[in-house]
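Let us walk through this structure step by step, beginning inside one chain and ending with its partner. Keep the 3D view open while you read.

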Amino acid sequence: MSDLTRLTVGEAKKGLDKKAFSAEELTRAYLKKMEENRRLNAFVEEVPEKALAQARAADEKYARGEAGALEGIPLGIKDLFCTKGIKTTACSHILDGFVPPYESTVTEKLLEAGAVFLGKLNMDEFAMGGSNETSYYGPAINPWKAQGSNADLVPGGSSGGSAAAVAAEMCAAATGTDTGGSIRQPAAFCGVTGLKPTYGRCSRYGIVAFASSLDQAGPIAKDVSDCALLLNAMAGYDPKDSTSSKRAVPDFTAVLEQSVKGLKIGVPAEYRPEGLNPEAVSCWDKGIEMLRASGAEIVPISLPHTKYALAVYYIIAPAEASSNLARYDGIRYGLRVPGNSLDELYINTRTEGFGPEVRRRIMIGTYVLSAGYYDAYYLKAQKVRRLIRNDFIEAFKKCDVILTPTAPTDAFPLGDKSMSENPINMWLNDVFTVSVNLAGLPALSLPAGLSSRGLPLGLQLIGRAFDEETVLKTAYALEKEINFERK
Amino acid sequence: MAEYVIETPKGKWEIVCGLEIHCQIISKSKIYSGASTAFGAEVNEHVSFVDAGMPGMLPTLNRECVHQAVKTGIGLRAKINKYSNFSRKNYFYADLPQGYQITQFAYPIVGEGEVLIDLAGGQTKSIGIERMHIEQDAGKSIHDIDPKKSFIDLNRAGVGLMEIVTKPDFRAPEEAGAFLKKLRSILRYLGTCDGNMDEGSMRCDVNVSVRPYGSDELRTRCEMKNVNSIKFVMQAIENEARRHVDIYESGGTVAQETRHFDPLTGQTKVMRKKEFAHDYRYFPEPDLAPLVLTDDYINQVRSELPELPDEKKERFVSQLGLTPYDAVVICENKETADFFEKAAAGHDAKKVANWFMGDFFGMLNEKKLELKESPVSAENLGRLVELVSQNVINGKTAKEVFAIMAETGENPEKIVEEKGLKQVTDTSAIEAVIDEVLAAAPENVAAYKGGKQGLFGWFVGQVMKASKGKANPGIVNQLLKEKLG
């Protein structure tokens, strides 16, 4: 029954409820796919035995009529989530062999809902990167290939393993995290759907921290409806995370079928800079037309501080990271490279344990927080961050949801020289996504079509804070119109 | 109090000193985690995943620590800031698992306040409080178990601290000593810190500079970290100030540096020069929301405050008639003040104070007992003083009775009754004794009458002796004078 992996989470759940197949059968089907697609390097840790045990337990729950909302659904978990008893390294050498004695709140909630964990998914080291190439375990590979080419393409990043695994049907859905676009951009590159919830919607407890004021967990799934289903299980206040929101969590699936008629769709002028890839532009325009045709009203808006977003992001995120990553010192867990003094032990461990991109960001972050530079960089960036947030608050007075491209290009080849030689080119991928994190808003990327090279292009929907519902229902309406064919 | 001036053949100097005191907050659990703060556990027993800096762990603010800090702030007569926030102070050390300390930087929970210190001669002086903030303690590094390895105990990592920063208001070592005593007293009254400097629950950093006497300049200061007793703090100030004076008078300049005070030599030596000072890269802690307190909350805490030593002292002086000196001594410790107040209730407080500070504490010292272990209860001490006031026994007998009380813990009334120690106030009975004494010593009577006035005391002694000490000395005196003409 290999076509079991074709099913969305919603479809699989229905099948399990009707006992059309067992959770064990479903899990075995995914485990088979996982094996067949090892070349994609999407999983960095596989736990088939645990998964099968969970699946059998799920079957018993179905038999007793006690099945949870995601009972028996096989998921992949980004390696940034601490999973009790399952190795968690954030794809960094410095966390070699680290097996958490605790479970992150988000994965705990998924387990409580009955989900089965197949293993841990590849990602950029400490979620720093846009192509999954900074992973200590080597890059995950995009299941898509450009027409007429056999070259391996990046899956995007940092949740590259999550997007690749969902696209290649190696798991029914996956968790991701998004600090500057790390859910949305890989979802766009791999032709799947990814949702970054509002900051505070999901607990960050037990997620290896990259940039605390920006990090947010969310689902990467086969479609919009699955994202809603997963978010239902992942979201909610957590006393262990002081920044999580006490706001009630609605049933995100309840609004999907609602009409978008009369909904105001904002289209920001600043997201159409000169020189933007015409394919991204035309994909965007098609999306606009579809929504207009569905009865939505298209409203031109302005987000005037957009041009500063990347600069602000690449000050604030490294600043927080430089502090968050201080705990990886070789003293208590993970890698230790000995030295003749405490300082030498630190230097040896951190030099060997961190890859170049992580080291670069620690250096930048340390610099911008230093005495004499703090005001010019960090403090200024925080002020501009406020202006960026205010842009959105103003814009949402005129519209209900904002539509933009997710990324300026489709997936690029592994080892692209222009990016490895100049990291700024890599960072430019985040141009449409980082503002959302800086403003703490929810945003979703869904596949909107194929480029001339036959590769997926994504559209991004941005909502008001804690209004994932409008984002989801608009995405659901667009998804029906686009009718994108997954890999 | 006399001014403290450092005088040398070359000139006169004065001290400018400020203190920073770290006070461990009394709370059941740590400031950002649920781990216990109980003292005396096995090494690394009270360590949560948060305290150990495990990946993905987040701090959550302990409500009780905030409550204790607000209480302390009110006790320091300080402004409670309704908005405060947390910052990370970044530095690497093996006993700081996160690689940063979560503290308060730009917006502390407590602003300016003052502490009145009690100086010799009943004088007081106001010492300004600059601010107080809350933060986490670090763990302990132990370097002396193994020649090559260091050991880390994280039990203390994450215990809540209040850091109190004074204004540079100290002009004499004694003032700093008096301040620490008073601060400790206030904290103990409040129950927010146990104030034990020898156990490290209260730790003092001392900043010292000197300037020509009478000037208002501020010269380079040196900081001495973790000076762990009041005596050492005073010694450190004195010696460090002398060192500065010597440097200036020999034409040198004082370098800004952190110094270590060595209790064995009483001297300070350089620990860290300014060029090696850490750049702590403070920035707002993104894992904790700003702390916002309401007026209602602050008023609620204010209403829970006990009477503090200054107010108690004031009351003991104005209402109970104690001298300021006695009141200061009695009020330093809340248990002492409570005991005293219980003893003095309904009796002559001034007399109770004399007994309390004299014989009573003398007895405790001799027996090496804590107040709470005293065999003499507060009520019984009061009763004893009352027996004297009511002329039931005289002072001398009272001391005998007290000695019995100290052994047996008995009620003094019972002792007096059982031992028949009631003093004789019946004039006719005393008269009879006097007559006997005079009749037995006609030569002395004659000598007295002949002008040897010094013999009066001898007669008193004989009468007291004959009455086995029970005769009321006042009546004896009066009757003797009458009889001897």
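In this predicted model, helix H5 of chain A, residues 160-167, lies across six strands of chain A, namely E1, E2 (74-78), E3 (116-121), E4, E5 (193-196) and E6, and it runs at about 155° to E4(A). A second helix, H7 of chain A, made of residues 224-234, also packs on the sheet, where it touches E4, E5, E6 and E10 (443-450) of chain A, and its direction makes about 145° with that of E6(A).

What is the sheet on which these helices rest, and in which order do its strands stand? It is an open sheet of eleven strands in chain A, with mixed pairing, and its order is E1-E3-E2-E4-E6-E5-E10-E11-E9-E7-E8. At the edges stand strand E1 (43-46) and strand E8 (297-301) of chain A, and because each has a single partner strand, one side of each is left without a neighbour in the sheet. If you follow the sheet from one strand to the next, the twist averages 30°. It helps to recall that strands of a sheet pair through backbone hydrogen bonds, either parallel or antiparallel.

Both kinds of pairing can be found around the strands just named, and E2(A) is a good place to begin. E2(A) and E3(A) run parallel and are joined by five bridges, with Ile77(A) standing opposite Lys120(A) in E3(A). To get from E2(A) to E3(A), the chain crosses through helix H4 of chain A, residues 105-112, and this β-α-β crossover is right-handed. E2(A) also runs parallel to E4(A), to which two bridges join it, and here Leu75(A) stands opposite Ala173(A) in E4(A).

Is E2(A) mostly covered or mostly open? Five of its five residues are buried, so that the strand counts as mostly covered under the rule that a buried residue has 20 or more other C-beta atoms within 10 Å of its own. In a regular strand the side chains alternate between the two faces of the sheet. Both faces of E2(A) are covered, for Pro74(A), Gly76(A) and Lys78(A) on one side are buried, as are Leu75(A) and Ile77(A) on the other.

Moving along the sheet, we come to the antiparallel part of the picture. Strand E4 of chain A, residues 173-178, pairs with strand E6 of chain A, residues 216-221, in the antiparallel sense over six bridges. Within this pair, Thr177(A) stands opposite Ala217(A) in E6(A), and Gly176(A) has Gly218(A) as its bridge partner in E6(A). E5(A) and E6(A) also pair in the antiparallel sense, over two bridges, and the bridge partner of Gly194(A) in E6(A) is Ile220(A). Because six of the six residues of E6(A) are buried, this strand is largely enclosed by the rest of the structure.

The helix H7(A), which packs on this part of the sheet, is likewise largely enclosed by the rest of the structure, because eleven of its eleven residues are buried. Among them are Val224(A), Asp226(A), Leu230(A) and Met234(A). After H7(A) comes Gly236(A), whose phi is positive, near 135°.

Chain A does not stand alone, since 23 residues of chain B are in contact with 32 residues of chain A. The side of chain B that touches chain A has 13 nonpolar, six polar and four charged residues. Chain B itself is divided into domain 1 (6-300), domain 2 (307-419) and domain 3 (427-484), and the centres of domain 2 and domain 3 of chain B, taken over C-alpha atoms, are separated by 33 Å.

Two loop residues of chain B make a useful contrast to finish with. Met197(B), found in the loop between helix H2 (173-190) and strand E11 (202-212) of chain B, is buried because 20 other C-beta atoms lie within 10 Å. Leaving aside its neighbours within four places in sequence, Met197(B) is in contact with Met202(B), Asn228(B), Ser229(B) and Ile230(B). Lys274(B), in the loop between strand E14 (268-273) and strand E15 (283-284) of chain B, counts as exposed because it has 10 C-beta neighbours inside 10 Å. Not counting residues up to four places away in sequence, Lys274(B) touches Ala255(B), Gln256(B) and Glu257(B).

Note on methods:
Residues numbered from 1 in each chain as written. Chains lettered and ligands numbered in written order. Predicted model: local features only at pLDDT ≥ 70, side-chain atom pairs only at ≥ 80, totals over all residues. Contact = placed C-beta atoms within 7 Å. Nonpolar A, V, L, I, M, F, W, Y, C, P; charged D, E, K, R; others polar. Pairing = 2+ DSSP bridges. Helix = DSSP H or I, 4+ residues; strand = E, 2+ residues; numbered from the N terminus. Axes fitted to C-alpha atoms, helices over the stretch in contact; angles between N-to-C directions. Buried ≥ 20, exposed ≤ 12 C-beta atoms within 10 Å, placed from the backbone. Domains from an automatic or database assignment. Right-handed = clockwise from strand over helix to strand, strands pointing away.
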